[in-house]
Amino acid sequence: IFWSLQKHRNAGNVDATRMASSQDATVNRVVADVVCEFLEVAFHAILFMRAVYPEHVFARTKKYGVPVQMSRHPELNQYIRDVIVSSKPWIELGTVDNFCLVILDGERPVERFVFELEPLAISLDTAAEVDIEASLRAFLLKISVCDAYLKPTPKDCSFCVTLHTREDGGPVAEEEEFPWVVVEGRELVYQQPQVTPLK
């Protein structure tokens, strides 16, 4: 998923600069809300499609006009929500490079779904909202058919979520209730990795 923000300022006018800064902050919040909402839906859909949890844990609903499966398990739902919400400050600042939902067989990673976030110009008009919803709908449809070209997941698999920030994307605040663990110089190692883009 590719997102971006471009900031426009008038250096010769202090009021215009303040107004632009306020508008930028509003746009950043709106975009972060949209990204967070989509990631939450996508994570649920992936966990269902890749059989990380039994089918009966999920219930069918609609999002962006697309049928999706969402977990009904309170603890799982809260965990996913905490992961997403706690990352929102980084998303607003534009310092998130990518999110990864990693499916594990024990401690061994077997699949990784990567959501890349990149800067792009976006406005808050109705046309932009329609385009964004259409893009999100297309991604959910592609996630829903990923089983067709992926191998079955191992039994009793689990998952974890990793967040990669850019070099300037250090912590913006301490989250007491849901702390992120900083891991430097270590990556999950995959045996014979294959990339399947969902574009």
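Reader: How many bridges join E3 to E4, and do they run parallel or antiparallel?
Author: In this predicted model, E3 and E4 run antiparallel and are joined by 8 bridges.

Reader: Got an example pair? Which residue in E4 is the bridge partner of Asn-98?
Author: That's Glu-116. Another one to look at is Ile-103, which stands opposite Glu-111 in E4.

Reader: And the turn of that hairpin, what sits between the strands?
Author: There are 2 residues between E3 and E4, and Gly-106 takes a positive phi near 70 degrees in that hairpin.

Reader: What about the other partner, how many bridges does E3 make with E5?
Author: Again 8 bridges, in the antiparallel sense. Leu-104, for instance, stands opposite Ser-158 in E5.

Reader: OK, so what's the strand order in the sheet?
Author: It's an open sheet of 3 strands, E4-E3-E5, with antiparallel pairing. E4 and E5 are the edge strands, each pairing on one side only. On average, neighbouring strands are turned by 20 degrees against each other, direction ignored.

Reader: Which helix packs on the sheet, and which strands is it touching?
Author: H2 does, touching E3 and E5. The direction of H2 makes about 5 degrees with that of E5.

Reader: Is E3 mostly covered or mostly open?
Author: Mostly covered: 8 of the 10 residues of E3 are buried.

Reader: Let's talk core. How many residues does the largest nonpolar core have?
Author: The count is 45 residues, and Phe-43, Phe-99 and Phe-115 have the most contacts inside that core. H1, E2, H2, E3, E4, H3 and E5 each supply at least two of the core residues. H1 gives the most, with 15 residues.

Reader: Phe-99 caught my eye. What does Phe-99 touch?
Author: Leaving out residues up to four places away in sequence, Phe-99 touches a list that includes Leu-39, Phe-43, Ile-91, Phe-113, Phe-115, Val-161, Leu-163 and Trp-180.

Reader: Switching to E5: is Phe-159 buried or exposed?
Author: Phe-159, which is in strand E5, is buried, because its relative accessible area is 12% and the cut-off for buried is under 20%.

Reader: And what's around Phe-159?
Author: Beyond residues up to four places away in sequence, Phe-159 touches Leu-47, Val-52, Tyr-53, Leu-76, Tyr-79, Leu-101, Val-102, Ile-103 and Leu-104. As for Glu-107, the C-alpha atoms of Phe-159 and Glu-107 are 9.4 Å apart in space, with their positions 52 residues apart in sequence.

Reader: Now an arginine. Where is the place of Arg-50?
Author: Arg-50 is in the loop between helix H1 (14-49) and strand E1 (58-63).

Reader: Does Arg-50 count as buried or exposed, and why?
Author: Arg-50 counts as buried because its relative accessibility is 3%, against a limit of under 20%.

Reader: What does Arg-50 touch, then?
Author: Not counting residues up to four places away in sequence, the contacts of Arg-50 include Ile-103, Glu-111, Phe-113, Cys-146 and Asp-147. Leu-150, Lys-151, Pro-152 and Thr-153 are also among them.

Reader: Zooming out, what pattern does the protein follow along the sequence?
Author: The pattern is α-β-β-α-β-β-α-β, from 3 helices and 5 strands.

Reader: And what percentage of the 199 residues count as buried?
Author: 36% of them do. The accessible surface comes to about 12600 Å², and 52% of that surface belongs to carbon and sulfur atoms.

Reader: Last one: what share of the contacts with a separation of 6 or more comes from residues 24 or more positions apart?
Author: Such residues account for 73% of those contacts.

Terms used: Residues numbered from 1 in each chain as written. Predicted model: local features only at pLDDT ≥ 70, side-chain atom pairs only at ≥ 80, totals over all residues. Heavy atoms only, no water. Helix = DSSP H or I, 4+ residues; strand = E, 2+ residues; numbered from the N terminus. Buried < 20%, exposed > 50% of the residue type's maximum accessible area, 1.4 Å probe, protein only. Contact = heavy atoms within 4.5 Å. Core = buried A, V, L, I, M, F, W, Y, C linked by side-chain atoms within 4.5 Å. Pairing = 2+ DSSP bridges. Axes fitted to C-alpha atoms, helices over the stretch in contact; angles between N-to-C directions. Areas by Shrake-Rupley, 256 points an atom, 1.4 Å probe, with all protein chains shown as cover.
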